[in-house]
Amino acid sequence: MGATGIAEIGTWRTRIVVWLLHRFFLVSRGMTMGVRAACFNARGEVFLVRHTYVPGWYMPGGGMEHGETALDALTKELHEEGNLVMTAKPELLHVYYNRKASKRDHVLFYRVTVEQTAPRMPDREIAESGFFALDALPEDVTDATLRRLRELSGDAERADFW
């Protein structure tokens with residue numbers, strides 16, 4: 001089996017594990033909550049990540065763990081997904097109901113000014129990442145990411161659903 005075949009098996013297995021974890025969290029937690037952030041550098045570019053296990057480009061973020069504050073989760077996810085550190089206090093923009101993830105999932109959405117301490121190298125979770133000008137976003141940016149960016153720019157009314 002060639003390298004491509006091995007990578008496809010790894011991606012297939014990762015997708016199954018992610019699916020199983022979502023089902024486990026659905027049963028084990030009364031409600032799930034996550035954080036996601038529009039992270040801008042000093043040049044006004046937004047940071048996006050492309051995961052290995054789902055298609056498209058996303059803003060960094062992830063689920064909150066038991067006993068973890070939203071700020072702790074945000075700090076952790078920005079570091080893990082982009083080697084990003086906040087240079088100013090994050091601004092909570094909205095709380096969204098994410099019915100596509102589950103019937104009990106919510107996302108706290110922040111706007112954050114960041115600096116990157118080192119380039120984020122690809123690994124098993126993150127295939128690519130980088131800062132992009134708002135008028136030069138990569139192909140395959142997710143619909144939710146585009147909606148959030150339009151809301152931030154004032155080009156769309158804020159929605160309640162992720």
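The following exercises, each with a worked solution, concern a predicted model of a protein.

**Exercise 1. Overall architecture**

Determine how many helices and strands the protein has, and in what order the elements run.

Solution.
1. The protein contains 3 helices and 8 strands.
2. Read from the N terminus, the order is α-β-β-β-β-α-β-β-β-β-α.
3. Of the 162 residues, 39% count as buried.
4. The accessible surface amounts to about 9700 Å², and carbon and sulfur atoms account for 56% of it.
5. Among contacts between residues at least 6 apart in sequence, 69% join residues at least 24 apart.

**Exercise 2. The pairing of β8**

State in which sense strands β2 and β8 pair, and how many residues of β8 are buried.

Solution.
1. Strand β2 spans residues 46-51, and strand β8 spans residues 126-132.
2. The two strands pair in the antiparallel sense, over 6 bridges.
3. Within this pairing, V46 stands opposite F132 in β8.
4. As for cover, 5 of the 7 residues of β8 are buried, and the strand is thus described as mostly covered.

**Exercise 3. The buried face of α3**

Identify the buried residues of helix α3 and explain how they are arranged about its axis.

Solution.
1. Helix α3 comprises residues 143-153, and its buried residues are A144, T145, R148, L149 and E151.
2. Viewed down the axis of α3, these buried residues fall within an arc of 160°, so they line one face of the helix.
3. The general geometry is relevant here: an α-helix has 3.6 residues a turn, so residues three or four places apart point the same way.
4. The buried residues of α3 pack against β1 (32-40), β2, β3 (57-58), β6 (91-97) and β7 (105-116).
5. Just after α3, G154 adopts a positive phi of about 85°.

**Exercise 4. Classifying W57 and I16**

Decide whether W57 is buried or exposed, and then classify I16 by its relative accessible area.

Solution.
1. W57 is found in strand β3.
2. The relative accessible area of W57 is 6%; buried means under 20%, and therefore W57 is buried.
3. W57 and A144 are 87 residues apart in sequence, with a C-alpha to C-alpha separation of 10.0 Å in space.
4. I16 is found in helix α1, residues 3-28.
5. The relative accessible area of I16 is 35%; partly exposed lies between under 20% and over 50%, and therefore I16 is partly exposed.
6. I16 also belongs to a nonpolar surface patch with W12, W19 and L20; together the four have about 460 Å² of accessible area.

Definitions and conventions: Residues are numbered from 1 along each chain as its sequence is written. This is a predicted model: local features need pLDDT of at least 70, side-chain atom pairs count only at pLDDT 80 or more; totals for chains, interfaces and linings use all residues. Side-chain values use heavy atoms; hydrogens and water are left out. Buried means under 20% relative accessible area, exposed over 50%, partly exposed in between (1.4 Å probe, protein chains only). Helices (H or I, at least four residues) and strands (E, at least two) are DSSP runs, numbered from the N terminus. Two strands pair if DSSP finds at least two bridges between them. Contact means heavy atoms within 4.5 Å. Accessible areas come from the Shrake-Rupley method with a 1.4 Å probe; for residues, only the protein chains shown count as cover. Patches are made of residues with over 30% relative accessible area and no salt bridge: like charges are joined within 9 Å, nonpolar side chains (Val, Leu, Ile, Met, Phe, Trp, Tyr) within 5 Å. A salt bridge is a side-chain nitrogen of Lys or Arg within 4 Å of a carboxyl oxygen of Asp or Glu. The arc is that of the directions from the helix axis to the C-beta atoms.
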